[in-house]
Amino acid sequence: TNLSFVPSASFDLAYTGYIDPIVDPLELSDGDLDEQGELNIALCNSRDRKDQKLSELAQKAEEDWYASWVTELVRIAKPGKVIA
């Protein structure tokens, strides 16, 4: 995800394929991604304010990661070229 080594305006085309969802954007798990996925669902469905806040923070972290990825695609593409 770190493309800082790529010079700006380098490519006539910048594209990405499918990006998997980030299962543990807050890095709270002990490595068991299945368990973390189940926890994410529970947090989303919870009515507890702390759980809701964790869910919101996780969503924001994931959105920030995707935004930084798209920003890098725009940066490394030449002006006026295709970004897909």
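Is leucine 39 buried, partly exposed or exposed? This note on a predicted model answers that question in point 8, after the overall fold, the long helix, the core and the salt bridges have been described.

1. Overall fold. The model is predicted, not determined by experiment. The protein chain contains two helices and two strands. Read from the N terminus, these elements follow the order β-α-α-β. The radius of gyration is 17 Å, well over the 12 Å that the globule rule gives for 84 residues, so the chain is more spread out than a compact globule. Along the principal axes, the C-alpha atoms fill a box of roughly 45 × 25 × 20 Å.

2. Burial and contacts in the chain. Of the 84 residues, 18% count as buried. Among contacts with a separation of 6 or more, 78% are made by residues 24 or more positions apart. The student may keep this second value in mind when reading about the pairing of strands β1 and β2 through a salt bridge in point 5.

3. Helix α2. How far apart are the end C-alpha atoms of α2? They are 41 Å apart; the 28 residues of this helix should span 40 Å at 1.5 Å a residue, and therefore the two values agree. At the start of the helix, the backbone nitrogen of lysine 50 has a side-chain oxygen of aspartate 48 within 3.1 Å. The buried residues of α2 are Ser55, Ala58, Glu62, Trp69, Glu72, Leu73 and Ile76. Their packing partners are β1 (11-14), α1 (33-45) and β2 (77-83). Serine 55 illustrates this burial: it belongs to α2 and has a relative accessible area of 18%, which is under the 20% limit and therefore makes it buried. Leaving aside residues up to four places away in sequence, serine 55 touches Leu43 and Cys44.

4. The nonpolar core. Which residues make up the largest nonpolar core? There are seven: Leu3, Val6, Ala14, Trp69, Leu73, Ile76 and Ala77. Helix α2 (residues 49-76) supplies the largest share, three residues. As general background, nonpolar side chains in soluble globular proteins tend to be buried together. One member of the core, alanine 77, touches Ala9, Phe11, Ala14 and Ile83, when residues up to four places away in sequence are not counted.

5. A salt bridge between the strands. The structure has three salt bridges. In one of them, the side chains of aspartate 12 and lysine 78 meet, with an N to O distance of 3.3 Å. This pair joins distant parts of the chain, since aspartate 12 lies in strand β1 and lysine 78 in strand β2, 66 residues apart. Aspartate 12 has a relative accessibility of 45% and so counts as partly exposed. Lysine 78 is likewise partly exposed, its relative accessible area being 32%.

6. A salt bridge between aspartate 64 and lysine 60. The closest N and O atoms of this pair are 2.8 Å apart. Why are these two residues separated by about one helical turn? The reason is that they are four residues apart in helix α2. In general, an α-helix has 3.6 residues a turn, so residues three or four places apart point the same way. Aspartate 64 counts as partly exposed at 40% relative accessibility, and lysine 60 counts as partly exposed at 45%.

7. A salt bridge between arginine 75 and glutamate 72. Here the closest N and O atoms are 2.9 Å apart. Both residues lie in helix α2, with a spacing of three residues, about one turn of the helix. Is glutamate 72 buried or exposed? Glutamate 72 counts as buried because its relative accessibility is 17%, under the limit of 20%. Arginine 75, at 24% relative accessibility, counts as partly exposed.

8. Leucine 39. This residue is located in helix α1. In reply to the opening question, leucine 39 is partly exposed, because its relative accessible area is 38%, and that class lies between the limits of 20% and 50%. Its C-alpha atom is separated by 9.7 Å from that of aspartate 24, and the two residues are 15 residues apart along the chain.

Notes: Residues numbered from 1 in each chain as written. Predicted model: local features only at pLDDT ≥ 70, side-chain atom pairs only at ≥ 80, totals over all residues. Heavy atoms only, no water. Core = buried A, V, L, I, M, F, W, Y, C linked by side-chain atoms within 4.5 Å. Buried < 20%, exposed > 50% of the residue type's maximum accessible area, 1.4 Å probe, protein only. Contact = heavy atoms within 4.5 Å. Expected span 1.5 Å × (residues − 1). Polar contact = N/O pair within 3.5 Å; in protein donor to acceptor, adjacent residues only side chain to side chain. Salt bridge = Lys/Arg side-chain N within 4 Å of Asp/Glu carboxyl O. Rg over C-alpha atoms; globule rule 2.2 N^0.38 Å.
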